[in-house]
Amino acid sequence: MLCKRCSAGTLKNLLRCSGFQSPIFSSLCRSQNPPCVYTQVCCYVDVYMKWKKDSYYDSIEHIHQSIELKRIVSLKNCIAQGPNGCIPISDVSKRGLEFGIPIKVARFLRLYPSVFEEFTGPQYNLPWFRLTPEAVEIDIEEQRVYEEFKEDLRNRLRKFILMNKNRVLPLKIIQGMHWYLGLPDDFLHDPEKNLDDSFRVVDMGDGLRGLAVDPPGRVLSMLQKNALKRGLDHGDLMEAIEFPFFPSKGVRMRKKIDAWLKEFQKMPYVSPYEDCSNLAPDSNVAEKRVVGVLHELLSLFVEHSAERKKLLCLKKYLGLPQKVHKAFERHPHVFYLSLRNRTCTAILKEAYNDKNAIERHPMLRVRQKYIKLVKQSAVILKKRRTNNRVVKIENVKDLDLDSVEETELKKPSLLCE
């Protein structure tokens with residue numbers, strides 16, 4: 001009866017006072033915690049850092065022109081694949097929703113005369129479109145880059161899939177992220193040609209098809225590779241690897257936040273390619289794993305940036321928490337959120353502050369050339385408007401002169417009368 005009413009702490013004190021040191025009782029009194037508890041060195045600290053605008057990241061052209069460029073390149077591919085490299089407007093006029101174009105496709109094509117050339121078709125005087133010689137030249141270079149760096153593109157896709165604990169992702173998810181990964185539009189249409197033997201198309205149930213990959217052994221993240229170069233990583237699991245911090249100008253942190261960041265950097269680093277099922281979800285280690293996943297994901301992309309809403313769609317497949325968006329807000333020294341173009345874009349700061357830290361994507365230079373060509377459209381349209389205005393003024397002058405001559409001819413006749 002006494003034992004039933006006594007708590008574990010009271011029983012432990014009674015045994016210690018009596019001098020009874022049985023190994024059985026000592027093992028019972030010792031707490032048996034699961035392994036995941038020991039990874040939580042310090043508890044979650046709810047900090048808030050005020051967002052600060054940074055003109056440097058807001059002015060990176062190939063990041064903020066990426067959404068519009070995607071639409072242009074999609075239409076460019078349709079025209080380039082057409083017979084004789086040209087198509088009638090009827091082939092794409094009903095596909096605006098597919099390309100994400102908010103206006104009529106014909107009007108959109110006419111906004112970029114430096115890329116698309118309009119001419120009258122052979123039948124029914126319908127408008128047809130073809131690529132300008134400058135666009136054809138860049139398209140040829142783009143296809144050459146795809147062939148030359150096909151293995152690099154495969155590795156980026158392989159790493160993207162390996163972030164999933166089951167090593168498989170739905171094809172629709174990969175297709176939705178193909179622009180960020182730098183893959184061609186038809187990359188998944190011919191798996192035998194574009195993928196090697198390590199990839200497998202599998203059935204995920206409910207009519208959903210996925211792309212699986214065989215793990216090639218241990219895969220190192222970009223952060224681990226850089227740590228090895230600096231001699232800071234010895235290849236051990238759960239090793240404390242610090243994130244490179246790049247604070248924006250004029251940002252001052254409170255002492256509480258500064259102390260928390262220092263403790264956060266000392267937490268063990270869990271690679272995005274390792275199992276994280278034993279982590280306490282509210283621990284700093286779990287949060288560091290989330291930041292590591294986003295860091296690795298953005299390092300694989302062409303512009304090392306992506307729309308935040310696109311990244312949030314990957315929560316289910318990459319083992320990210322429901323409030324993953326807070327990782328961007330709590331770590332402004334690692335990520336920058338740009339609010340240009342009426343959208344929120346997450347940018348990896350390290351890629352634009354340390355050029356040797358992140359591998360340059362082979363497609364970046366091609367996209368920069370496309371953007372340079374697209375900018376010439378504004379100059380062409382301005383010249384057209386100026387020329388049209390001059391023609392209108394000349395026509396008005398001719399009309400005025402004709403009317404003056406007619407009145408002068410009528411005046412003498414009136415005098416004669």
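How many of the 13 residues of helix 10 are buried? In this predicted model, local features need pLDDT of at least 70 and side-chain atom pairs count only at pLDDT 80 or more, whereas totals for chains, interfaces and linings use all residues. Residues are numbered from 1 along each chain as its sequence is written, and side-chain values use heavy atoms, with hydrogens and water left out.

Helix 10 (helices being DSSP runs of H or I with at least four residues, numbered from the N terminus) has 13 residues and spans 18 Å from its first C-alpha to its last. This is close to the expected 18 Å, taken as 1.5 Å times one less than the number of residues. Of the 13 residues, 10 are buried (under 20% relative accessible area, 1.4 Å probe, protein chains only), so helix 10 is largely enclosed by the rest of the structure. Among them are Leu153, Arg154, Leu157 and Ile161. Lys150, at 13% relative accessibility, also counts as buried; beyond its neighbours within four places in sequence, Lys150 is in contact (heavy atoms within 4.5 Å) with Lys193 and Asn194.

The axes of helix 10 and helix 16 (residues 284-300) come within 10 Å and cross at roughly 160°, the axes being lines fitted to C-alpha atoms over the stretch in contact, with angles from 0 to 180 degrees between N-to-C directions. Helix 10 is therefore roughly antiparallel to helix 16 (over 145 degrees). Arg156, Lys159 and Phe160 of helix 10 make the contact with Glu296, Leu297, Ser299 and Leu300 of helix 16.

Technical notes: Buried < 20%, exposed > 50% of the residue type's maximum accessible area, 1.4 Å probe, protein only. Helix = DSSP H or I, 4+ residues; strand = E, 2+ residues; numbered from the N terminus. Parallel < 35°, antiparallel > 145°, perpendicular 65-115°, else oblique.
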